[in-house]
Amino acid sequence: MAESRKGFKSDSSSDDAPAPASTDMHARAAELAEEKGGISSEKTEALSLDEARQLIEEFCAGRELDPNFDQDLLKRARDILRQDDLNEESVAALVEEIKLEAALMEDSPYLEVRSAVSMTDDPTEPVNTFRAWYFVFLSKMTPPKTEAPSPRRFIGFVFVSIGTGVNNQILLTLSTQMLGFGLAGMGRRFLINPPSMIWPAALATVALNRSFHEPGLNPTVSGWKISRLRFFTIVFVIYGLYFVLPQAVFSALSYFNWITWISPNNIKLALIAGSVGGIGLSPIATLDWSYIQAINNPLISPLYSSLNLAAGLCFMAICLICPLYFTNTWYSAYMPINSASLYDNTGNVYNISRVLTHDYRLDEAAYAAYGPAYQTTGNAVAFFSYFALYPATLVHVFLYNRKEVWTGFRAVFAGRSTRDYYNDTHNKLMRAYKEVPEWWFSIILILSIVFGCIYNEVYATQFPIWAIFFTVALGMIFLIPCGVIQALTNSSVTLNVVGEIIASYTIPNRPVANMIFKDYAFTSTAQAVQYLSDLKIAHYARLPPRSVFAIQMLASVWACFVSDGVVDWQLKNISNLCQSDQVDGFTCPSYTVYENSAVQFGAIGAQRLYSHGALYYPMVYGFLVGAIAPIPFYFLARRWPAWRLVNMPVFFNGGGWLAPYNISYVSMSSYIAIFFMGYMKKRHTGWWSKYNYILATALTSAVSIFGVIWFFAILYKGYDPVWWGNTVPFAGADGDGTPLLAMPAVGYFGPP
């Protein structure tokens with residue numbers, strides 16, 4: 001198969017100008033093939049005119065609202081379909097273009113897919129090899145980065161106080177992880193086979209693996225002859241060596257809050273431009289890739305997705321946080337502007353131990369004596385964004401993607417795979433493999449529920465059995481909408497907030513039960529989406545579904561035991577774990593946020609924060625705003641297709657990252673997205689197709705690998721040079737998180 005078949009331009013193509021006209025039909029086909037991603041002339045010759053027109057009609061149907069579909073391609077296809085008097089003799093060049101467009105769409109109408117995924121397959125190639133299984137299980141011996149809770153902190157109650165060690169932990173871990181695995185089975189028809197579900201992160205993984213295993217795939221593009229593997233190696237090494245600078249030697253490169261250096265003690269300047277404790281409004285905010293990709297990888301997410309997320313975060317920070325904070329709404333000016341912590345009326349972090357009983361329930365008398373907990377403005381607005389996110393996701397998917405969803409339900413009712421409903425190359429090739437029966441996933445789902453029932457009945461978790469079934473139903477409702485958003489935009493919608501809100505009302509004053517409810521609601525859906533992402537990788541790589549099921553399930557079970565063993569070892573062997581002064585840096589910031597949420601919703605309760613008459617009741621209008629927001633943009637997109645690029649779930653998801661994230665995390669990311677996913681993709685398509693995803697994976701891999709080296713070689717040994725480059729980001733009002741207003745003379749704010 002010719003290399004152009006793989007989706008890259010050859011050196012003879014121009015990145016900046018369309019191919020010149022040619023009187024030779026085959027030369028014209030070759031020129032257009034190079035221009036549009038590498039469709040070979042042999043493929044077009046195999047299509048009849050009627051087959052070509054049928055393919056174009058099929059792939060263009062309903063694409064007007066697809067944000068990832070090339071609208072120029074759609075317009076050309078529509079113009080072609082309006083030609084009614086075509087024949088092979090009179091308009092040979094136009095006929096050839098019709099065939100080319102059809103062949104292009106049959107492989108994939110998405111340049112992202114054509115650039116990363118091979119369009120060929122060899123079903124006889126072995127998959128279930130000893131080497132494959134060995135490396136999968138070896139990888140699970142090193143669990144993902146975790147932060148274990150401390151027995152002295154409230155969250156540690158889940159893992160230590162209610163049980164006797166790993167034995168009880170493994171039941172909960174298996175239950176939540178396998179629940180997601182079981183739910184993934186019902187999402188396959190909706191989220192894997194439809195060609196529009198491109199899964200950008202999966203494309204990056206496939207592109208990286210092809211660079212390792214197809215070294216001969218090396219077309220010259222824009223004068224660049226370097227292979228993708230060598231390009232990956234060079235970027236990986238160079239950035240890996242640079243990575244040490246912002247992490248250990250020059251922290252100011254990471255937290256590049258240079259505007260606050262002008263006047264470090266200027267509180268208002270720190271609140272606006274500070275990237276440590278402020279909202280991070282700065283044109284150049286960081287020179288650290290780990291910082292840039294913290295909430296969104298701009299080289300993988302589609303351009304419109306990156307800009308929607310950045311716009312949402314900036315809008316919430318500038319148009320909501322700033323007015324609310326600087327008018328001292330909710331007494332917020334006496335607290336930091338953008339912290340995830342809860343505060344008491346003296347401006348100190350809320351001491352939850354003062355209001356809890358010995359069995360971790362709320363002591364009403366102690367709570368009345370101590371006073372209510374207050375949210376920072378950033379935290380309150382973040383919850384408003386989450387409240388808007390969930391209804392916006394449901395409404396958006398119904399309006400924009402109901403066709404794909406309905407096709408999935410048709411397949412369910414007919415007992416068929418949706419591979420039979422789509423005629424792109426990937427689904428045709430996958431028809432050579434047997435699908436996984438539904439009852440395989442059903443058994444996993446039932447077992448996960450059984451494990452959950454045993455765990456919560458045997459151990460004093462305060463978690464009722466009916467809540468397990470409730471969270472399963474919740475996951476079933478949100479799985480497809482959340483998966484659609486992830487598959488199209490690379491933006492994840494998680495159920496952590498809606499889970500803790502529901503638990504707060506249905507299981508009040510049970511903080512441990514609230515955490516378990518949140519764990520089931522969040523982990524089940526998040527894991528299901530992650531498993532589906534892996535299935536999409538398998539779909540692109542043409543792996544047998546039954547082999548993928550076996551290796552996914554067994555490796556996941558193995559990882560549960562490994563991870564729980566590591567957590568148990570950390571609890572018993574790392575002193576002062578999760579404390580701010582832990583000598584090795586095991587301070588567990590994400591678990592602190594988790595604990596704050598447990599306190600906020602499990603002990604204090606959403607009723608005291610968001611019910612009618614409560615201080616933060618206006619935030620509840622986020623549910624209404626989210627339900628309405630996608631509707632006008634849908635009708636605008638029906639009239640003017642450019643509006644299809646507005647995605648309100650991603651917009652609100654951007655606001656949900658606030659507290660502790662801020663604008664500095666999306667400013668540099670947006671610049672990079674505009675350049676690579678906008679300019680380079682459109683003007684230098686060949687270079688983008690060959691190198692973009694490799695660049696993304698090289699940078700991210702360098703952060704991961706060199707991050708481990710940096711930790712053990714530098715941070716773990718206590719190396720922390722004290723000099724201006726490491727201290728200036730955290731100096732002054734920004735580093736201290738100084739609030740706008742000083743505490744009143746009486747020593748507290750709010751009602752007495």
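**Exercise 1. Locate W406 in this predicted model, and state which residues form a nonpolar surface patch with W406.**

Solution. Begin with the helix: W406 belongs to α16, which covers residues 377–414. Next, identify the patch: W406, F409, V412 and F413 make a nonpolar patch on the surface. Its area is about 440 Å².

**Exercise 2. Determine the angle at which helices α10 and α11 cross, and classify their arrangement.**

Solution. Step one is to place the helices: α10 spans residues 200–213 and α11 spans residues 228–249. Step two is the geometry: their axes come within 8 Å and cross at roughly 110°. Step three is the classification: angles of 65 to 115 degrees count as roughly perpendicular, and therefore α10 is roughly perpendicular to α11. Step four is the contact: α10 contributes A207, L208, R210, S211 and F212, while α11 contributes R228, L229 and F232. By character, these contact residues comprise five nonpolar, one polar and two charged.

**Exercise 3. Describe how α28 and α29 pack, and state which residues make the contact.**

Solution. First, note the extents: α28 runs through residues 664–683, and α29 through residues 685–715. Secondly, the two helices pack at an angle of about 140°, with axes 6 Å apart. Thirdly, list the participants: F676, M677, M680, K681, K682 and R683 come from α28, and T685, W687, W688, N692 and L695 come from α29. Finally, sort them: six are nonpolar, two polar and three charged.

**Exercise 4. Examine the backbone at P660 and at Y331, and state what is notable there.**

Solution. Start from the general rule: most residues other than glycine have a negative phi, and most peptide bonds are trans. Then consider P660, which is found in the loop between α27 (648–656) and α28. The peptide bond joining A659 to P660 is cis, with omega about 15°. Lastly, turn to Y331, in the loop between α14 (303–326) and β1 (342–343). Y331 is not glycine, yet its phi is positive, near 60°.

**Exercise 5. State how many salt bridges the whole structure contains, and analyse the one between E438 and R188.**

Solution. A search of the whole structure gives eight salt bridges. In the pair formed by E438 and R188, the closest N and O atoms are 2.9 Å apart. Now compare positions along the chain: E438 lies in α18 (residues 438–458) and R188 in α9 (residues 166–191). These two residues are 250 residues apart, and the pair links distant parts of the chain.

**Exercise 6. For I537 and M553, compare separation in sequence with separation in space.**

Solution. Take I537, which is part of α21 (residues 511–541). I537 and A204 are 333 residues apart in sequence, while their C-alpha atoms are 9.5 Å apart. Leaving out residues up to four places away in sequence, I537 touches A202, T205 and V206.

Proceed to M553, in α22 (residues 545–573). M553 and I444 are separated by 109 residues in sequence and by 9.0 Å in space, C-alpha to C-alpha. Setting aside neighbours within four places in sequence, M553 is in contact with F181 and I444.

Definitions and conventions: Residues numbered from 1 in each chain as written. Predicted model: local features only at pLDDT ≥ 70, side-chain atom pairs only at ≥ 80, totals over all residues. Heavy atoms only, no water. Patch = residues over 30% accessible without salt bridge, like charges linked within 9 Å, V, L, I, M, F, W, Y side chains within 5 Å. Areas by Shrake-Rupley, 256 points an atom, 1.4 Å probe, with all protein chains shown as cover. Salt bridge = Lys/Arg side-chain N within 4 Å of Asp/Glu carboxyl O. Helix = DSSP H or I, 4+ residues; strand = E, 2+ residues; numbered from the N terminus. Axes fitted to C-alpha atoms, helices over the stretch in contact; angles between N-to-C directions. Contact = heavy atoms within 4.5 Å. Nonpolar A, V, L, I, M, F, W, Y, C, P; charged D, E, K, R; others polar. Parallel < 35°, antiparallel > 145°, perpendicular 65-115°, else oblique.
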